[in-house]
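Here's a quick tour for anyone meeting this structure for the first time. Have a look at the view below, and then we'll walk through a few spots together.

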Amino acid sequence: MTDQKEMESASHHVVSPKIYVIILFALILGTAATVWASFLELGPWNPVIALAIATGKAMLVVLYFMHVKYSSKLTKLTVFAGIFTFLTLIGMTLADYFSRAWGQW
Amino acid sequence: MSDSTAIAHDAHAAPDHGHGEAHPTYLRHHFENVEQQADAAGFAMWIFLLTEVMFFGGLFTAYLIYRNWYYPAFVAASHQLSVVWGTTNTAVLIFSSFTMAMGVWCAETRRRKGLVLSLCLTFLLGLVFLGIKTIEYSEKIEKHHVPGFHYNLSSFLDPDNDAAAKAASDKALPLDMARHTEVYFSLYFAMTGMHALHMIIGIAILGYMIFRARAGAYTSGHVTFVENFGLYWHFVDIIWIYLFALLYLISRHQ
């Protein structure tokens with residue numbers, strides 16, 4: 001990003017195939033890990049681990065395959081705002097549903 | 001990042017083409033320069049993807065609520081899915097995301113043959129994914145696990161006579177809980193079906209892009225379309241990453 005031309009057009013930052021190959025292997029590894037983890041008896045931690053691995057994989061895809069790591073601040077802010085809004089909505093909905101019958105079971 | 005604050009410009013006042021400035025033919029007149037145009041298109045694509053996140057988010061929320069309420073039914077029903085097919089499809093989709101990313105790279109570095117090959121591979125892997133999905137769906141249809149009038153509960157009431165349930169050493173569910181497996185399959189078909197629809201649309205656009213790429217449309221400096229289609233394809237991949245973890249891998253140990 002030191003190059004002046006790249007500073008001017010971050011949307012055209014060319015990500016090298018080497019990075020794509022590394023991400024590909026990381027994603028395949030993540031898939032293997034999540035399948036393996038699902039066969040372990042971890043009680044309440046099973047879904048947590050499954051979602052954590054899925055989120056890690058999704059972050060790799062967003063940052064590298066979708067170039068967000070190399071994108072403009074506007075794009076970064078857009079993606080962050082979207083995820084934040086989504087988590088807020090899903091969090092509030094689930095908080096409501098899970099606490100409606102609080103203490104009545 | 002392009003300097004989008006420099007909007008004041010006098011040369012574009014004339015509506016005709018006589019402004020005397022040299023610019024690529026793909027630069028629309030309401031944009032200051034190519035970077036600004038690409039930034040605007042990328043921004044719009046992300047906004048579209050966010051609406052998609054919200055759309056799928058509703059399905060994921062419904063899934064999480066029902067899974068919490070009817071957990072034993074969701075576990076038993078998820079055992080009817082094949083982890084092998086699911087894992088294979090995840091790998092296929094991840095690989096197609098990789099070939100798509102390579103396609104974007106080829107377009108950026110103006111490699112026409114590489115781009116056509118990347119797009120063709122992505123196209124083929126997309127078809128492989130849908131093929132495997134068809135095998136899985138037809139299995140569900142044969143076992144009457146499609147929600148509706150012909151929904152069959154025997155896999156959950158009598159797991160000893162069901163190969164998949166027996167392999168997972170499922171115990172028989174009480175009738176009221178067994179009925180809730182239909183909720184799981186409703187969500188399964190809604191979510192994977194909507195995902196498959198996105199794949200079909202993506203594959204159709206890929207077919208169009210292959211023809212355009214062969215003519216050299218994306219390897220002369222104008223990569224916006226390939227780039228933004230790549231964003232769409234990767235997004236569909238991310239949805240599947242979550243679907244796989246949530247639908248196939250609820251619990252494989254009990």
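What follows covers a pocket, a surface patch and the cysteines, all taken from a predicted model.

## The largest pocket

Let's start with some empty space. The largest pocket has a volume of about 820 Å³, and 29 residues line it. Lying nearest its centre are Ala58(A), Ile83(A) and Phe86(A), along with Ile238(B) and Tyr242(B).

Which elements give two or more residues to that lining? In chain A they are α3 (45-65) and α4, and in chain B they are α1 and α9 (224-248).

## A nonpolar patch on the surface

Now for the outside. Tyr97(A) and Phe98(A) join Tyr66(B) and Trp69(B) in a nonpolar patch on the surface, and together they have about 370 Å² of accessible area. The elements giving two or more residues to this patch are α4 (73-99) of chain A and α1 (34-69) of chain B.

Take Tyr97(A) as one of the four. Tyr97(A) sits in helix α4 of chain A, and its relative accessible area is 38%, so it counts as partly exposed.

## Cysteines without a partner

How many disulfides turn up across all chains? A search of the whole structure finds 0. For Cys106(B), the nearest cysteine sulfur belongs to Cys120(B) and is 12 Å away. A disulfide needs the two sulfur atoms within 2.5 Å, so this pair doesn't qualify. Likewise, Cys120(B) is in no disulfide.

Are these two buried or partly exposed? Cys106(B) is buried, at 6% relative accessibility, while Cys120(B) is partly exposed, at 30%.

Methods:
Residues are numbered from 1 along each chain as its sequence is written. Chains are lettered from A and ligands numbered from 1 in the order in which they are written. This is a predicted model: local features need pLDDT of at least 70, side-chain atom pairs count only at pLDDT 80 or more; totals for chains, interfaces and linings use all residues. Side-chain values use heavy atoms; hydrogens and water are left out. Patches are made of residues with over 30% relative accessible area and no salt bridge: like charges are joined within 9 Å, nonpolar side chains (Val, Leu, Ile, Met, Phe, Trp, Tyr) within 5 Å. Accessible areas come from the Shrake-Rupley method with a 1.4 Å probe; for residues, only the protein chains shown count as cover. A salt bridge is a side-chain nitrogen of Lys or Arg within 4 Å of a carboxyl oxygen of Asp or Glu. Helices (H or I, at least four residues) and strands (E, at least two) are DSSP runs, numbered from the N terminus. Buried means under 20% relative accessible area, exposed over 50%, partly exposed in between (1.4 Å probe, protein chains only). On a 1 Å grid over the protein atoms alone, a cavity is a set of points where a 1.4 Å probe fits but cannot get out, and a pocket is an open set with protein on both sides within 12 Å along at least five of seven lines; lining residues have an atom within 4 Å of a point. Grid points are joined across faces, edges and corners, and a volume is the space filled by probe spheres set on the points.
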